[in-house]
Amino acid sequence: MSRLTAEVVIVGGGPAGLTAAIALASAGVETTLVAKPPPLPDHRTSALLQDSVKALDTLGVWQHCRNDAAPLRVMRIIDDTARLLRAPEVCFAASEIGLDAFGYNIENRFLIAALEARARELPALTRMPDQAAAMNIAAAQVTVRCCGGAATSARLAIGADGHHSLCRTAVGIDIRSRSYAQTALTFNLCHSREHHDTSTEFHAEGGPFTLVPLPQRRSSLVFVVDPAEVSVLSGLSDAEMAAEIERRSHSILGTIEIERGRGVFPLITATATCFGTRRVALIGEAAHVAAPIGAQGLNLGLRDAATIAELVVAAHREGQDVADTVDRYDRMRRADTTSRMLAVDLLNRSLLTDFLPLQGARAAGLFLIERIAPLRQAVMREGVSPWASQPRLMRGEVL
Ligand SMILES: Cc1cc2nc3c(=O)[nH]c(=O)nc-3n(C[C@H](O)[C@H](O)[C@H](O)COP(=O)(O)OP(=O)(O)OC[C@H]3O[C@@H](n4cnc5c(N)ncnc54)[C@H](O)[C@@H]3O)c2cc1C
């Protein structure tokens with residue numbers, strides 16, 4: 001048995017792993033983060049809902065990146081299909097539920113840089129800039145061995161190592177995955193017209209086409225298409241793509257210029273059969289992968305990070321084994337994750353279906369939301385903040 005080098009070891013330095021590491025280390029829990037610096041900057045953006053922003057603010061991260069983020073004050077959904085039963089346009093305004101903004105949109109590279117800057121300030125956080133190669137789970141500890149030969153042992157391992165999680169495999173948790181016949185193209189744009197802090201989602205037959213504001217006259221685009229269209233669209237020059245985007249967005253943002261850093265992501269949904277067992281807890285995409293529709297993925301991942309950190313800090317302060325929190329963590333995160341993943345899945349399928357009654361149900365649902373203000377407000381409140389109890393960091397409380 002090797003000597004414990006930390007109380008918690010986290011594998012994976014994406015946004016979920018870094019957030020968990022900061023939450024634990026800033027509360028005085030000795031934490032090791034096994035994470036290699038990313039090889040390339042991530043040009044994708046994340047729309048972070050208010051609670052996620054509050055948690056990052058409470059952890060001292062948000063001040064490092066707030067100037068790089070754009071507020072999301074209005075969300076428009078426009079039915080851009082040529083179907084018989086089309087939904088009315090629906091507009092959600094944050095001011096209707098007393099909020100200044102639903103959240104903020106930020107490029108992942110700025111978010112990661114802000115998390116890294118905060119992580120460097122924490123003496124209780126030790127970095128191992130390497131890739132985990134193997135994990136051994138024993139009765140009283142878990143040991144992570146890195147590709148470079150170094151090892152670290154702790155009471156609890158947090159797997160934040162993404163969709164192909166080594167931690168998940170090591171502890172024997174299965175994952176149920178499903179691929180959609182859809183691919184998301186992503187890139188950022190400059191445009192000649194103001195976005196007025198409004199995100200616009202065009203619902204087309206192939207999937208949503210969503211423009212989300214970035215600072216100044218810039219927006220990010222998640223453009224979900226049939227995989228057959230990908231090679232044609234990917235072959236377009238920047239000027240041709242700009243013209244195509246302007247056409248599909250009905251010129252609402254004026255003339256378009258494409259920025260470098262195009263991404264292609266086949267759409268999948270996946271959920272681990274359990275979010276933690278023995279001495280391993282899974283967070284972020286190691287536990288669940290949502291299709292990039294409705295901005296749920298990282299918001300769920302940050303709630304995972306805030307929840308496991310809260311449980312571990314409480315156990316640590318009471319002198320308990322911090323791995324005893326794992327079953328409770330699993331129970332606490334399951335309902336929220338399952339319900340949101342289901343909502344994303346249903347929204348996406350209702351767009352793809354040729355089944356007229358389902359198209360009708362979707363149109364009727366959006367019609368009711370558009371017409372009935374209390375219903376619309378309830379949908380907005382639940383979208384921003386789940387009714388189930390929120391982790392303390394997301395209520396702005398320091399751990
Ligand atoms: C097109 C697109 C748009 C999206 N938009 C949004 C949005 O607007 N809002 C939102 O909330 N979510 C969004 N998401 C989802 C969001 O991007 C993900 O939920 C988030 O990036 C997952 O973060 P993570 O830290 O869990 O995993 P990752 O970002 O995948 O990080 C995992 C890390 O672990 C590392 N790693 C893997 N294996 C090992 C190992 N063996 N040892 C050490 N390190 C390892 C990897 O290198 C990586 O750095 C979007 C996703 C896509 C595809």
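The paragraphs below lead through a predicted model, from its strands and sheets to its nonpolar core, the surroundings of its ligand and two loop residues. Residue numbers start from 1 along each chain, following the sequence as written. Because the model is predicted, local features need pLDDT of at least 70 and side-chain atom pairs count only at pLDDT 80 or more, whereas totals for chains, interfaces and linings use all residues.

Helices (H or I, at least four residues) and strands (E, at least two) are DSSP runs numbered from the N terminus, and two strands pair if DSSP finds at least two bridges between them. Strand β1 (residues 8-11) is joined by 4 bridges to β2, the two running parallel, and valine 8 has threonine 31 of β2 as its bridge partner. Strand β2 (residues 31-34) is covered on both faces, with Thr31 and Leu33 buried on one side and Thr32 and Val34 buried on the other; a residue is buried if 20 or more other C-beta atoms lie within 10 Å of its own, exposed if 12 or fewer, and partly exposed in between, with C-beta atoms placed from the backbone. In a regular strand the side chains alternate between the two faces of the sheet.

An open sheet of 3 strands follows the order β3-β7-β4 with antiparallel pairing. Its edge strands, β3 (45-49) and β4 (70-72), each pair on one side only, and neighbouring strands are turned by 30° against each other on average, direction ignored. Axes here are lines fitted to C-alpha atoms, for helices over the stretch in contact, and angles run from 0 to 180 degrees between N-to-C directions. Between β3 and strand β7 (residues 103-107) there are 5 bridges, and serine 46 stands opposite isoleucine 106 in β7. Helix α2 (residues 50-58) lies across β3 and β7, at about 90° to β3, where contact is taken as C-beta atoms, placed from the backbone, within 7 Å.

Another open sheet of 3 strands, again antiparallel, has the order β9-β10-β11. The edges are β9 (132-137) and β11 (151-154), each pairing on one side only, and the average turn between neighbouring strands is 15°, direction ignored. Strand β10 (residues 142-146) is joined to β9 by 5 bridges, with methionine 135 opposite valine 144 in β10.

The largest nonpolar core has 115 residues, and Val8, Ala20 and Ile283 are among those with the most contacts inside it; such a core is a set of buried Ala, Val, Leu, Ile, Met, Phe, Trp, Tyr and Cys residues joined through C-beta atoms within 7 Å. Helix α7 gives this core its largest share, 11 residues. Leaving aside residues up to four places away in sequence, alanine 20 touches Ile10, Ile158, Ala160, Ile283, Ala305, Ile308 and Ala309.

Around the ligand there are 32 residues, of which Gly12, Gly14, Gly162, Gly284 and Gly297 come nearest, a residue being near if its C-beta atom, placed from the backbone, lies within 6 Å. At least two residues of this shell come from each of α1 (15-26), β3, β13 and α7 (297-317), and α7 gives the most, with 4 residues.

Finally, aspartate 197 has a positive phi of about 55° although it is not a glycine, and this residue is found in the loop between β13 (175-191) and β14 (198-204). Aspartate 197 is partly exposed, because 17 other C-beta atoms lie within 10 Å. Histidine 250, in the loop between α6 (238-248) and β17 (256-258), also has a positive phi, near 55°, and counts as exposed because it has 11 C-beta neighbours inside 10 Å.

Notes:
Two residues are in contact if their C-beta atoms, placed from the backbone, lie within 7 Å.
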